[in-house]
Amino acid sequence: MSELHFPTDAAAIQGRVIRHPWMAAAIGALAGLGRPVRMLEIGSWAGSSCATWGEALRRNGMAGSTIVCVDPWDGYISKTDIDSDRPVYRRMDEWAREGRVLPLFLSNAKAIEQRDSVRVVMMKGFSTEICPLLAPESFDLVYIDGSHYYRDALFDVSIGKTLVRDGGILSGDDLEIQLRDLPDAATYPEDVDVLTIPGRGNVHVGVTRAVGEQLGEVGMENGFWYTRREGSVFRPFALDTSKAFVSAHFGPQERAFIAEDIESGRAKLPKSLISG
Ligand SMILES: C[S@@+](CC[C@H](N)C(=O)[O-])C[C@H]1O[C@@H](n2cnc3c(N)ncnc32)[C@H](O)[C@@H]1O
């Protein structure tokens, strides 16, 4: 049996972990289909989000589902970010360019397949190269967590819309604020992943812009955004928090972060998630 492995020096667990219980709840929203589903993830890094998808599919009785993971596993971070005072970008860029992330993903993908009885399909390349090759309306859930620079995010959201089947979910990571609440989003630099905006905190402005321009208002919980396709439109909907859980691959530190977000009220999730 393969083991999941997320080394800290590879920033293998990416972003704010509080989004994962919401991702699990998004899978819960598909459980009523009563069949295995097809999912697309744009941006997989070492496979931490994929591990949450796999666990949620298993827990919702959707073994046999497929998770297609699109990622170049190569450099994509802007020079501005690499040269910034946030060392994580330089480290991630080195790890990706030196080919050290892909083996981690592959080993985690194998462990997820074994643990959760799902299929993880790796498609190596940028979304601009791979996504046009995928069949339109062929996914029950599309999750976008690739490059957050505006032009890249815009491409991913616009093609993501064409890849979700009617009734399916289009979702993604790192939406802290919706476009209607940041009307001057287009005035910020496009080659910066996350900007600190006075009074707003850290904002992935490229994601705010791309999601707002393509979809208008979406559901948003602790950075996870989601919307459901209804015919030719996408509408926000409410996630059922009873379907949320804390991913098994998280250690004490990630669990403490999630507990803090729930206890402080920043995350509107049941306290039972952390006491159980
Ligand atoms: C924030 S990380 C993803 C983290 C992952 N979803 C998780 O939670 O564990 C962003 C990933 O997007 C990938 N990426 C960057 N640009 C991309 C593009 N144009 N198409 C697909 N993936 C891209 C990067 O290689 C990186 O692995």
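Here are four short exercises, with worked solutions, on a predicted model.

**Exercise 1. Check whether the end-to-end distance of helix H5 fits its number of residues.**

Step 1: H5 runs over residues 101-116, which gives 16 residues.
Step 2: The expected span is 1.5 Å times one less than the number of residues, so for H5 you should get 22 Å.
Step 3: Now look at the model: the end C-alpha atoms sit 22 Å apart, in agreement with that figure.
Step 4: Just past the helix comes Ser 117, with a positive phi near 50 degrees.

**Exercise 2. Work out which residues of H5 are buried and what they pack against.**

Step 1: Pick out the H5 residues under 20% relative accessible area. You end up with Val 101, Leu 102, Leu 104, Phe 105, Asn 108, Ala 109, Ala 111, Ile 112 and Asp 116.
Step 2: Think about the spacing. An α-helix has 3.6 residues a turn, so residues three or four places apart point the same way.
Step 3: Find the partners. The buried residues of H5 pack against two helices, H2 (48-59) and H4 (87-97), and two strands, S2 (66-71) and S3 (119-124).

**Exercise 3. Describe how the protein holds the ligand, from single atom pairs up to the whole shell.**

Step 1: Start with the shell. There are 17 residues around the ligand, with Arg 19, Ser 49, Asp 71, Ser 127 and Asp 145 the closest.
Step 2: Go through the ligand's oxygen atoms. One is 2.8 Å from a side-chain N or O atom of Arg 19, and a polar side-chain atom of Asp 71 is 2.5 Å from a ligand oxygen.
Step 3: Try nitrogen. A ligand nitrogen lies 2.8 Å from a polar atom in the backbone of Ser 127.
Step 4: Check the cover. On its own the ligand has 600 Å² of accessible area, and the protein covers 97% of that.
Step 5: Ask which elements supply two or more shell residues: they are H2 and S2.
Step 6: Sort the shell by class, and you get six nonpolar, eight polar and three charged residues.

**Exercise 4. Decide whether Arg 209 is buried or exposed, then list contacts for Arg 209 and Leu 154.**

Step 1: Arg 209 belongs to helix H8 (residues 205-215).
Step 2: Its relative accessibility is 10%, so Arg 209 counts as buried.
Step 3: Skip neighbours within four places in sequence, and Arg 209 contacts Tyr 150, Leu 179, Ala 185, Ala 186 and Glu 190.
Step 4: Over in helix H7 (residues 150-163) you'll find Leu 154. With residues up to four places away left out, Leu 154 touches Ala 210, Glu 213 and Gln 214.

Note on methods:
Residues numbered from 1 in each chain as written. Predicted model: local features only at pLDDT ≥ 70, side-chain atom pairs only at ≥ 80, totals over all residues. Heavy atoms only, no water. Helix = DSSP H or I, 4+ residues; strand = E, 2+ residues; numbered from the N terminus. Buried < 20%, exposed > 50% of the residue type's maximum accessible area, 1.4 Å probe, protein only. Contact = heavy atoms within 4.5 Å. Near = heavy atom within 4 Å. Polar contact = N/O pair within 3.5 Å; in protein donor to acceptor, adjacent residues only side chain to side chain. Areas by Shrake-Rupley, 256 points an atom, 1.4 Å probe, with all protein chains shown as cover. Nonpolar A, V, L, I, M, F, W, Y, C, P; charged D, E, K, R; others polar.
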